[in-house]
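Student: I'd like a close look at a single part of this protein, namely one group of aromatic side chains and what lies around it. Could you walk me through that part and then connect it to the rest of the fold?

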Amino acid sequence: MPVMRNIGTLYQCLDEGGQGDVQPIHDAALVWHGDTITWVGKDSELPSDGVEGLGDGESHNGQCSCVMPGLIDCHTHLTFGGWRADEFALRCKGASYLDIAKQGGGIMKTVRQTRQVSLDRLKWCVCSRSVRMRRHGVTTIECKSGYGLDVETELKILRAYQQMSQTLPTRLVPTFLGAHVVPPEFEDNRAGYLDLLCEELIPQVAEEGLAQFNDVFVEDGAFTPDEARRVIECGKQHGLAPKLHVDQLRDGGGGELAADVGAVSADHLEYTSDAGIAAMAKAGVVAVTLPMASLVLRQPPLDARRFIDAGVPVAVATDFNPGSAPCDDLPRSMSLACPMNYMTPCEALKGATTYAAKAIQHGDRIGSLKPGMQADFIQLRCHSIDAWLYWQAPSSCDIDVYIAGNPARRTHNQDAPEQPPHA
């Protein structure tokens, strides 16, 4: 069975302990069999039968580096048509999120572009972007729909995820976000769009097994709490676990709503009240901070200390999308979370591993390094998690990635990532 020895520091990131407890083991070794970890501990304590019978090429040198669980991006909008670089310039001139939406930009611009894109193009985007994210150490990606807002395109997006999940080493966890905003054809018939979601789309998504979660954007210009409740309850009836985008632009009672409907996670949360945080803690809702979106939209960042002190686990994700977070680099989001969200590097690491796994209900298999867990891990050419997140520079060339026990960083020519957006 394969073994990695001479590891400088291995971060286990176990579920026990607080947000900053990542259980470092210095001078460590890691053993796995097939896709499963079988032993973790100090190199000097490695049992003799842990290395007996190793074949050529199955012994890996940790090179005194850091090893940690594969990163989990628990909030992305992974595939869509087109980009919105023009909106970035408008924001730099002071235009707000709602200003841009009222001018026909924002989510609806991407919806128009995505409706024109083929299934094959959406699949190529999934492949290309997952390759780039894997180079940053990401081994699992939650991926939302929400840029179709009609039956054909929403299903097309989710089918792209489903089909690519059968060929990619990266794990894809799909989320149905039909309740992103109300499309213009239903502008004067919101009830009709809710009927479409609940009577046609959600049942078909569930029947085809296209999603694990059902998400709703609760905000001015999107959906009300009462509308969200209807969509969430319908999803529950069809086996889709609830997630929520809430309290991004104002305190809309999103924390309380998430607790009340039993959401697995509540995401954004820049304006969540103390009462909302307390309700989330009591209900066991994972908070997901998205610092890149806060930065681009110039919103006050979520204060993670308020959540952590109240007992709410805080996950860290990119919110990768073409408008408010055009960046799929999770380590960069982790670095931003330190000064912006008042998190330590260790807290950010647990937020992108253990708690990110909880936010997608996969904590029983990924997010930690211990016997019985899947052998998803990354090896960094640095001395500590503090040093890694302190260094504000691209780090993909310094990461080796293993998924299910197999080296997964190298890619094929046909998987070459897309070029930067032209518009």
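Tutor: Let's start with the group itself: Phe 80, Trp 83, Tyr 147 and Phe 320 make up one aromatic cluster. Keep in mind that this is a predicted model.

Which kind of pair do Phe 80 and Phe 320 form? Their rings are tilted, with 5.7 Å from centre to centre and 50° between the planes. Phe 80 sits in the loop between strand 6 and helix 1 (85–92), while Phe 320 is in the loop between strand 13 and helix 12, so this pair ties together parts that are 240 residues apart in sequence. Are the two rings buried or exposed? Phe 80 has a relative accessibility of 1%, so Phe 80 counts as buried. Phe 320 comes out at 2%, and therefore counts as buried too.

Phe 80 also has a charged neighbour: Arg 129 lies over the face of its ring, 4.1 Å from the ring centre. Arg 129 turns up again when you look at Thr 79, a residue of the loop between strand 6 and helix 1. Setting aside residues within four places in sequence, Thr 79 is in contact with Arg 129 and with Tyr 147, and also with Leu 122, Cys 125, Val 126, Ile 157 and Tyr 161. Thr 79 has a relative accessible area of 0%, so it is buried. For a sense of distance, take Leu 155: its C-alpha is 13 Å from that of Thr 79, and the two are 76 residues apart along the chain.

Now for the sheet that these loops lead out of. Eight strands form an open sheet with parallel pairing, in the order 6-7-8-9-10-11-12-13. At the edges are strand 6 (71–73) and strand 13 (314–316), each pairing on one side only. So the Phe 80 and Phe 320 pair links a loop that follows one edge strand, strand 6, to a loop that follows the other, strand 13. On average, neighbouring strands here are turned by 25° against each other, ignoring direction. Helix 12 (residues 330–341) packs on the sheet and touches both edge strands, 6 and 13, along with strand 7 (138–144) and strand 12 (286–289). The direction of helix 12 makes about 80° with that of strand 6.

A few strands deserve a closer look. In strand 7 you find Thr 139, which has a relative accessible area of 1% and is therefore buried. Among its contacts beyond four places in sequence are Gly 70, Leu 71, Thr 170 and Arg 171, plus Asp 376, Val 401, Tyr 402 and Ile 403. Strand 8 (residues 171–179) pairs in the parallel sense with strand 9 (residues 213–217) over three bridges, and Phe 176 has Asn 214 in strand 9 as its bridge partner. Further along, three bridges join strand 11 (residues 265–268) to strand 12, again running parallel; there, Asp 267 has Val 288 as its partner. From strand 12, Val 286 and Val 288 point one way, Ala 287 and Thr 289 point the other, and all are buried.

How many aromatic pairs does the whole structure hold? The search finds eight. Away from your cluster, Phe 186 and Tyr 193 have ring centres 5.4 Å apart and planes at 50°, so that pair is tilted as well. Both Phe 186 and Tyr 193 are buried. There is another charge over a ring, too: the charged end of Arg 190 sits over Phe 223, 5.7 Å from the ring centre.

Last, the nonpolar interior. The largest core has 99 residues, and Leu 244, Met 334 and Trp 388 have the most contacts inside it. Helix 6 (residues 190–208) gives the largest share, eight residues. Leu 244 touches, among others, Asp 215, Val 216, Ile 232, Leu 257 and Asp 267, leaving out residues up to four places away. Another core, of 24 residues, lies apart from the largest one and includes Val 286, Met 292, Val 296 and Tyr 355. You've already met Val 286, which is one of the buried residues of strand 12.

Methods
Residues are numbered from 1 along each chain as its sequence is written. This is a predicted model: local features need pLDDT of at least 70, side-chain atom pairs count only at pLDDT 80 or more; totals for chains, interfaces and linings use all residues. Side-chain values use heavy atoms; hydrogens and water are left out. Two strands pair if DSSP finds at least two bridges between them. Helices (H or I, at least four residues) and strands (E, at least two) are DSSP runs, numbered from the N terminus. Axes are lines fitted to C-alpha atoms, for helices over the stretch in contact, and angles run from 0 to 180 degrees between N-to-C directions. Contact means heavy atoms within 4.5 Å. Rings of Phe, Tyr and Trp (its six-membered ring) pair if their centres lie within 6.5 Å; planes under 30 degrees apart count as stacked, over 60 as edge-to-face and the rest as tilted. Buried means under 20% relative accessible area, exposed over 50%, partly exposed in between (1.4 Å probe, protein chains only). A charge sits over a ring if NZ of Lys or CZ of Arg is within 6 Å of the ring centre and within 35 degrees of the ring normal. A nonpolar core is a set of buried Ala, Val, Leu, Ile, Met, Phe, Trp, Tyr and Cys residues joined through side-chain atoms within 4.5 Å.
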